[in-house]
Amino acid sequence: MYDLNQKTIFVLDHTQYFSISSEDYIALDYLKGKTGPSNDAIPSTSSGLQFSKSLWTCSVESSIEYCRIVWDLFPRGKLVRFIVSDTAAHIVNTWKFATQNMSHVLNAMALVGVPQRNTQSSDYSVIHGLRAAIEALAEPTEQQLKLTQAAENTVTTNEKIPNKGRVICVTSARDNPSMKSLEDIFHNVLMQQNTLAMTQKKILSIDHCHLVIINVVPMNVETLVTNRKQIDLSSCLSTEIHTTSAPEISNKLTHLIMSHYDLASTTVTGIPMKEEQNANSSANYDVEILHARNAHTAICGTEVLLPTSIKEGAEYETVTLKWCTPRGCGASDMSACPPCLAQHRVTPVDVTSRPSSCLINFLLNGRSVLLEMPRKAGGKTTSHLLSARGGEIFIHSLQITRSCLEDPPSISEGPGGRVVDYRISDFAAFIKIHRFVPLKSKSNCEDNLHRTRDRLYKRSRYFPLTLNTTMVHNLQRNMPWLSNFLRKIAKEDMDKTDEVQCQQNIFELYTAASRGELLPFATMNSNRLKGIK
């Protein structure tokens, strides 16, 4: 399956506006005994000098951090390109694997530099980059070239090479009509490119393109551009608009990358680490990592719930797991671990922080760390494992419920399992009620079969397998009317007499509850209900 995230193109606005300050000032502290140079051009405070990054610097750093996460988690297959737009479109890298790395992109961005403020030209526009992005999407990747060659060598050459992609445009616009004009121009160029692709074999038609426009403004500056969720402009183009301040571009792109690549966030808390200034003391730190969402969804169980919280200053949820006692990665060390359900690469969100660096080095040195999560009923359970192999760090989702490797549960007392309170008689009655029998009439058998299957599906959507997990079905022994009540409400049609009877039963139950009467369970003093042996 060829997804939208196979091709991603960043179009960075390199016009004069992006040379202005982001207004997010960073204070400079000098070492003791040294004084800084006096420069009136640099703003200063009572504590020292301060500086701020330009809009261009914030855009470049955030977009490069986006592709770092992509290349860490997907070493092959997920391609990212950069296009810089000013008076013309400047191609930073191509679809070739040799240019898909951080060194190539960083060196190219260093040559581009910050936009010139005093340059006077009417040709500065981000549209040049958007046109080049559409042309780049039509270019085949190395994998698509192989598919094209394979299709040419086969007899049937009617197979269409899938081609989808995403364009992330970091720019700044005055108002919503300006954004609408930008979308219309992009849509027209996309349709023209697809028309051209029908006449040329060297380029591919674009099946679908997802355009994400990020409107960037300095800090504490109001904008007339409003956020807009994803909409479909046509069958081959969908767009969405986000407005953010320059210092928050990184958080915005981190939020977007989680939906673009189906990622999830995990925060490892309680990591013991020695203080940098005082080696004799230690403190606990937190490190946030990103990985495939399947590392969370692979864990199944009704009594567990992953503890989530909204990260401060961000728009997405993170799962909080506690650091557990480290161990080695040998076979003897891992023998006591539960079975592994899934494993996925991880990458830290803040790769330059000291806690992230220490955690990465700790894992790369051959150690593994178990992660704990709290249970709803109290206590904790080991749900994940962090370990490194071949210079890459993986998160392992561990089995926290009954494993298929254990002995199957028994239906009677004795060895073989712990589950002994199955609703065997209720299940047998349920099967008896819903038996399929052949019809003697010459009616449409297919319609009857589908109708019967739908009825069985609706009535079996909720059927607790054990007595310990149901309350209503345990009351049938001491409340004789409850069995008839459950059968009546399961009917497709109900006459007036049954309706009045059901209302009367509900009223009696409500009256008993208002008087504070307890429900008549058969075994009120038993902690566990026993099934038929």
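Okay, asparagine 220: it's exposed, at 73% relative accessible area. Keep in mind that this is a predicted model. You'll find asparagine 220 in the loop between β8 and β9, the latter being 228–234. Its backbone is a bit of an oddity, with phi near 65 degrees, a positive value in a residue that isn't glycine.

There's another residue like that to look at. Glutamate 23 isn't a glycine either, and it has a positive phi of about 65 degrees. This one sits in a strand, β2, residues 21–27. So is glutamate 23 buried, partly exposed or exposed? Its relative accessibility is 36%, and because buried means under 20% and exposed over 50%, glutamate 23 counts as partly exposed.

Right, on to the inside. The largest nonpolar core has 38 residues, and Phe82 and Met109 are the ones with the most contacts inside it. Which elements give two or more residues to this core? They are β1 (7–13), α1, β5 (79–85), α2 (102–112), β7 (164–171), β8 (208–217) and α6. The largest share is from α1, with eleven residues.

If you want to click on something, click on methionine 109. Leaving out residues up to four places away in sequence, Met109 touches Leu12, Trp56, Val60, Ile64, Phe82, Val84 and Val92. Apart from that core there's another one, of 28 residues, including Leu79, Ile83, Cys169 and Leu182.

Now the empty spaces. How many cavities of 30 Å³ or more are there? The count comes to two, and the largest has a volume of about 50 Å³. Lining that largest cavity you've got Ser62, Glu65, Tyr66, Ile69, Ser250, Leu253, Thr254 and Ile257. Two helices, α1 (55–73) and α6 (249–260), each supply at least two residues of that lining. By type, the lining splits into four nonpolar, three polar and one charged.

Last thing, the largest pocket. That one holds about 670 Å³ of space. There are 20 residues lining the pocket, and Phe430, His473, Leu486, Arg487 and Ala490 lie nearest its centre. Helices α10 (424–433), α11 (445–459) and α12 (481–489) each bring at least two residues to the lining. As for chemistry, the pocket lining has nine nonpolar, four polar and seven charged residues.

Definitions and conventions: Residues are numbered from 1 along each chain as its sequence is written. This is a predicted model: local features need pLDDT of at least 70, side-chain atom pairs count only at pLDDT 80 or more; totals for chains, interfaces and linings use all residues. Side-chain values use heavy atoms; hydrogens and water are left out. On a 1 Å grid over the protein atoms alone, a cavity is a set of points where a 1.4 Å probe fits but cannot get out, and a pocket is an open set with protein on both sides within 12 Å along at least five of seven lines; lining residues have an atom within 4 Å of a point. Grid points are joined across faces, edges and corners, and a volume is the space filled by probe spheres set on the points. Helices (H or I, at least four residues) and strands (E, at least two) are DSSP runs, numbered from the N terminus. Ala, Val, Leu, Ile, Met, Phe, Trp, Tyr, Cys and Pro count as nonpolar, Asp, Glu, Lys and Arg as charged, and the others, Gly among them, as polar. A nonpolar core is a set of buried Ala, Val, Leu, Ile, Met, Phe, Trp, Tyr and Cys residues joined through side-chain atoms within 4.5 Å. Buried means under 20% relative accessible area, exposed over 50%, partly exposed in between (1.4 Å probe, protein chains only). Contact means heavy atoms within 4.5 Å.
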